[in-house]
Amino acid sequence: MNILPAIPDEQFLRGDVPMTKQEVRVYIMAQAMIQPADIVWDIGAGTGSLSVESALRAPQGKVFAMDGETEACGLVRQNAERFNVPNIKVIQEKAPAALVGLPDPDVVFVGGSGGNLLEILQEATTRLRAGGRLIITAVLVETLHDALQFMTGREGFEVEACGLQITRIEPVAGRHMFRSLNAVYAVICRKGGF
């Protein structure tokens, strides 16, 4: 199967639910290094753009997409069907409660925590398999701060962080204009090191 570096944004059904943009997904998926049989948790899945990208890369694995919002879960289901990825299971519940009974993950994305970031990180770091990758994306300063404070110096993990600022160039009245997307900060954590 030929997998693009990232699916173009306009191919996803979106509604009013947040979505990780294509340029950011390229970076996140490169860091996730998803293998064909991986188990992936997508916490705060939104439209499911990362869930779909993950499911395409792990056809023998399973992606658990969880979100507390009804609209988001509906969009994840629709996007999973649209891209023909039946290996996505949608869980309409907020983490950490949504994590109960799930198989231990190889990859965890935390894109939305619903105010439960520290509890989610505690569960994710404990259950992440050896060699696993935990990727926290933050658009809020507080999320970045709390994630770094929790993960930095955590035994058994190597941690790095970066900021991604994407500016698209779009036509406007016969000219071109810079249109900045929201800055996204990523905290990349690998259990057992890089």
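Here's a quick briefing on the pocket, a helix pair, the salt bridges and two backbone oddities in this structure. Keep in mind that this is a predicted model. The largest pocket comes to about 950 Å³, and 40 residues line it. Elsewhere, α4 and α5 pack with their axes 10 Å apart, and the salt-bridge count is 10.

**The largest pocket**

- If you want to find the middle of the largest pocket, look for P18, M19, G44, G111 and G112, which are the lining residues nearest its centre.
- Four elements each put two or more residues into the lining: strands β1 (39-43), β4 (107-110) and β5 (133-138), plus α2 (49-57).
- The biggest share comes from β5, with three residues.
- As for chemistry, the lining splits into 20 nonpolar, 13 polar and seven charged residues.

**How α4 and α5 pack**

- A helix pair like this is described by two things, the angle between the axes and the distance between them.
- Here, α4 (residues 117-127) and α5 (residues 141-151) meet at an angle of about 35°, with 10 Å between their axes.
- The crossing of α4 past α5 is right-handed.
- On the α4 side, the contact uses L117, L118, L121, Q122 and T125.
- The α5 side answers with T143, D146, A147, F150 and M151.
- Sorted by class, that contact has six nonpolar residues, three polar ones and one charged one.

**Salt bridges**

- The total is 10 salt bridges, taking a side-chain nitrogen of Lys or Arg within 4 Å of a carboxyl oxygen of Asp or Glu as the cut-off.
- One to pull up is D9 with R25, where the closest N and O atoms sit 2.5 Å apart.
- D9 belongs to the segment before α1 (22-32) while R25 is in helix α1 itself, so this pair ties together parts that are 16 residues apart in sequence.

**Backbone oddities**

- Some background first: most peptide bonds are trans, and most residues other than glycine have a negative phi.
- The bond joining A95 and P96 is a cis peptide, with omega at about 10°.
- You'll find P96 in the loop between β3 (88-91) and β4.
- M33 isn't a glycine, yet its phi is positive, at about 50°.
- M33 also sits in a loop, this one between α1 and β1.

Key. Residues numbered from 1 in each chain as written. Predicted model: local features only at pLDDT ≥ 70, side-chain atom pairs only at ≥ 80, totals over all residues. Heavy atoms only, no water. Axes fitted to C-alpha atoms, helices over the stretch in contact; angles between N-to-C directions. Left-handed = near helix turned anticlockwise from the far one by under 90°. Contact = heavy atoms within 4.5 Å. Nonpolar A, V, L, I, M, F, W, Y, C, P; charged D, E, K, R; others polar. 1 Å grid on protein atoms, 1.4 Å probe; cavity = no way out; pocket = protein on both sides within 12 Å on 5 of 7 lines; lining within 4 Å. Points joined across faces, edges and corners; volume = space filled by probe spheres on them.
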